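Student: I should like to go through the salt bridges and a helix contact of this model. Where shall we begin?

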Amino acid sequence: MAPDLTDLAIDGVRTLHALGKRIPGAGGLLADSLAGAVRRRTVLITGASSGIGEATALKVGAAGGHVLLIARTKSKLEEVADTIEGLGGSASVHPCDLTDVDDIDRMADEVLRAHGQVDILVNNAGKSIRRSVDRSYDRFHDYQRTMQLNYFAPVKLILDLLPIMREQGFGHIVNISSIGLQVNTPRFAAYLASKAALDAFSRSIGPEVIGDGVHVTTVYMPLVKTPMIAPTKIYDRIPTLSPEKAAEMVTDAIRKRPKRVATTLGSIGQLTYAIAPGAQDLVVNRAYQLFPEYDGRQDRLHDAEQRAFAQATRGVHW
């Protein structure tokens, strides 16, 4: 029987589409819908019990992906799983203490035995500390704690899951970073150093794994209204992104598989530092002076310059 020319044409288009998406940067032009990107895929999300992780899990689950929910508190994960299932999606709960390397190994082994593979990994869990360096001279543990959760935990999880991604010829690692890494925000040295380490790790392994069909994306997230920023009451008066809008940045990354996702302001900050780092230091120092150290009382912006600066730099966590 002669081949059907219509079927041949459709198969040809699908093949070209699949090959094109393996080319870095082509995802923006050839991107699937979220449903097309995650349907029949296993998507592991850390920090999935609240905030950005929970909002992303709900979107991915509703779009047809099987979501693996990772965080410490089983009861909270079960609530998220119930919501996903109520939306017609599917989810599995895998509690894990991401500050414990052995527990990460245990969880990764449990996940692979139960599900066979992880197609998309979203490293979202993180810890932030807002503290000037002159208040950190005797707090080296701040730097150790942020590195443990923000750097060593995702690296260990990547090392556990990457072999099967490469073996199956498909994988996507999405790391949630910070706009502060682009703008060099003061008071966040511990936090930003840990995010910079993960960024450098990802940029180094990217060229190694792209030939095996594994993509690595970094999302430079602006300030988001989550439980992580709740202790800093001044953020109640600063423009923030909702978890749902933040989740859209993550799902866009999943759909398009770019090297990076960033806001316009973040990209401008990165470019400014590349061209005139000294000038950027002076501007950022002014922000450092405008937004004081939190002492439990400052819960609003009293000064007109403060309010204007906050509006002009929406999403930056001063």
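Tutor: In this predicted model, let us start with Arg131, which has a relative accessible area of 26% and is partly exposed.

Student: With which residue does the side chain of Arg131 meet in a salt bridge, and is that partner buried or exposed?

Tutor: The closest N and O atoms of the bridge lie 2.5 Å apart, and the partner of Arg131 is Asp142. Arg131 lies in the loop between β4 and α7 and Asp142 in helix α7, so the pair ties together parts 11 residues apart in sequence. Buried means under 20% relative accessible area. Asp142 has 1% relative accessibility and therefore counts as buried.

Student: Which residues are linked with Arg131 in a network of salt bridges?

Tutor: The structure holds 13 salt bridges. Linked with Arg131 in a network are Arg139, Asp142 and Arg145.

Student: How many residues apart are Glu293 and Arg187?

Tutor: These two residues form a salt bridge with an N to O distance of 2.8 Å, and both Glu293 and Arg187 are buried. Glu293 is in the loop between α12 and α13 and Arg187 in the loop between α8 and α9, so the pair links distant parts of the chain, 106 residues apart.

Student: Is α7 roughly parallel or roughly antiparallel to α9?

Tutor: The axes of α7 and α9 come within 8 Å and cross at roughly 20 degrees. Angles under 35 degrees count as roughly parallel. Therefore α7 is, relative to α9, roughly parallel.

Student: What is the handedness of the crossing of α7 and α9?

Tutor: Residues in contact include Asp142 and Tyr143 in α7, and Ala189 and Ala190 in α9. The crossing of α7 and α9 is right-handed.

Methods:
Residues numbered from 1 in each chain as written. Predicted model: local features only at pLDDT ≥ 70, side-chain atom pairs only at ≥ 80, totals over all residues. Heavy atoms only, no water. Axes fitted to C-alpha atoms, helices over the stretch in contact; angles between N-to-C directions. Helix = DSSP H or I, 4+ residues; strand = E, 2+ residues; numbered from the N terminus. Parallel < 35°, antiparallel > 145°, perpendicular 65-115°, else oblique. Left-handed = near helix turned anticlockwise from the far one by under 90°. Contact = heavy atoms within 4.5 Å. Salt bridge = Lys/Arg side-chain N within 4 Å of Asp/Glu carboxyl O. Buried < 20%, exposed > 50% of the residue type's maximum accessible area, 1.4 Å probe, protein only.
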